[in-house]
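Reader: Hey, got a minute to go through this model with me? I'd like to start with the ligand.
Author: Sure, pull it up.

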Amino acid sequence: MCGIIAYLGDKNSYPILLEGLRRLEYRGYDSAGIALLNGELSVYKKKGKVQELADLTENKGLFATIGMGHTRWATHGKPDDINAHPHFSGNNRLAIIHNGIIENYATLKEALTRLGHQFESETDTEVLIHLIEEFQNRDKLPLEEAVRKALNKVVGAYAIVVIDKNDPNKLVGARKSSPLVIGLGDKDLFIASDATPIIQYTNKVVYLNDEEIAVLTRDKGLEISTISNDELQEPVIHELDMSMDQLEKGGYEHFMLKEIYQQSQTISDCMRGRLNAIEGWVRLGGLEEHINRINKANRIIIAACGTSWHSALIGEYLIEDLARIPVEVEYASEFRYRNPILTDKDVVLVISQSGETADTLAAAELAKEKGALVYGIVNVVGSSIARMTHAGSYIHCGPEIGVASTKAFTGQVTLLTLMSLVLGQRNGSLSNSYYHQLIAELASIPDKVEKVLASNEKIKYLAGEIKNTNNTLYLGRGYNFPVALEGALKLKEISYIHAEGYPAAEMKHGPIALIDENMPVIVIATNVSAYEKIVSNIMEVKARKGIVIAIVTEGDVEIKRIADHCIEIPSTIDPLTPLLSVIPLQLLSYHVAVMRQCDVDQPRNLAKSVTVE
Ligand code: F6R
């Protein structure tokens, strides 16, 4: 949710922190702040985007070789200058930045108030730094020991960095259920929420594990211990394979547009080394060791949130259709709290772009505790979910910076298709001929994605037709039902137009009452199997004067006669349709949002990585 960056080295940290905050801004953008230690411990913070902070601090000649920065997505306390991070301790000696929620902050605040502490902000974070201060002063502890003691009193989730005015050679970071990565440069040390602000300086990183404390000093470098004791742990250094151009817009107006256009490439990347259309095979390294257990599972449960939950629904259709294993799809947030029945005969797939979503992570932990095999489908390499699952597969889409997920969705669906093919072929559910037909067709999808992207101008025109509407309905059947949900989610999150996705046949059980001449209805009508049924659904909308925009297969005649507007996509077989039919919906939302002058990459109230409940 929030973004954290801290620096200790021989360079001026001010530009490094500012640049780092810009890279992290997709994680939260309610307010931003920095603390710089150069004799004095100075804090600058401002409500709004990082640019507001940059405007506040430019031309001040700021210089410090140690400092930290934060970009916030508000949980406790409204977004304003006071609630922005960093927060000072009462004696202004310490400062903290924090991502997460301190659940028992009210009790701690009460106890600290009784001891004479006074608070300026409404945040849980300020309570934590006062608690650290209390232990530092009372027990005369070095900073890391005071942090350790305070964290032992805290209930909740956190990633923090603390700085001490009296110790300009030290940064202390710690995490529990919120990510932190340490970057190891030649002469520089970094702490950040993810690797995006670090990668331009070093590709050597250490992922801090849950309940670990990192102490960064100029003389000893990085030392890691745990929150429960001070015994040193051996850091595991990873080399990141990420390049700077993956983090730039590359000539596109927005990251979202770049990421929509990348999809032909990212789908290919996801299949690379895993599918060979000429030799006619599909393999998934992560799956191999567990394939018998998965094929014999009582059922597969897929847990995820948001867009990843929509991929999970497509996963259900794919796995049941192609591999004949029963599948249930769960909202991770519901699953984790509803005492589900799980045994070691169940397999739980967790799907997450970021690999950090708190509810999905907790669902995976619960499944593991109950003995299920937990398999992750994740984009961000080294993320918490990727590291805690028994096995898994990366979707290899590269960094997704636009807050609205696009290329991760098609990556997840591609991975689920590969997985269904492997399982179905191995357990004998798929006929040899259908297996080879699917492989050949899947291999052709990247080219077909290019063809869909070529309809951009037409889609832009249609965006102009619906940009002033207040409501829209998205309808689809079969494999296109989750696509309808995803299309509706994209529109509401970036253009703030109310949109609902429905299975087309369910429309007559309620939503049909909404349809009149002002209601655009977007129908994903590419199905081979239920074509006549979807035609009837379109007729039902037209009979009530609804405006129909249909996504149809190239060469369609019947729907073109009845719909107001059609967008054609190349023909494919039903299970692969979502990989193509979602793309016009992504572009449609994008253009509507641009026309409505919305902040496409950083929509209001949202954040890319939801690391709090
Ligand atoms: C929608 C979107 C969110 C995420 C959801 C899960 O465009 O981005 O709905 O899909 O927050 O995030 P991950 O996949 O990172 O677990």
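Reader: How far is a polar side-chain atom of E493 from an oxygen atom of the ligand?
Author: The distance is 2.5 Å. That fits the polar contact rule, a pair of N or O atoms within 3.5 Å; within protein, one must be able to donate a hydrogen and the other to accept it, and residues adjacent in sequence count only if both atoms are side-chain atoms. Keep in mind this is a predicted model: local features need pLDDT of at least 70, side-chain atom pairs count only at pLDDT 80 or more, and totals for chains, interfaces and linings use all residues. Residues are numbered from 1 along each chain as its sequence is written, and side-chain values use heavy atoms, with hydrogens and water left out.

Reader: And what about T357 and T307, how far are they from a ligand oxygen?
Author: For T357, an N or O atom in the side chain is 2.4 Å from an oxygen atom of the ligand. T307 uses a polar backbone atom, 3.0 Å from a ligand oxygen.

Reader: Which residues come nearest overall?
Author: S308, S352, S354, T357 and E493, out of 15 around the ligand (a heavy atom within 4 Å).

Reader: Switching topic: how is the chain divided into domains?
Author: Domain 1 is 3-246, domain 2 is 250-449 and domain 3 is 455-613, with bounds from an automatic or database domain assignment.

Reader: How much area is buried between domain 1 and domain 2?
Author: About 980 Å², with carbon and sulfur atoms giving 54%. That's the accessible area (1.4 Å probe) the two parts lose on being put together, summed over both. In domain 1, Y26, Y207 and Q246 lose the most to domain 2, together 48% of what that side buries.

Reader: How many residue pairs are in polar contact there?
Author: The rule finds 4, both residues at pLDDT 80 or more.
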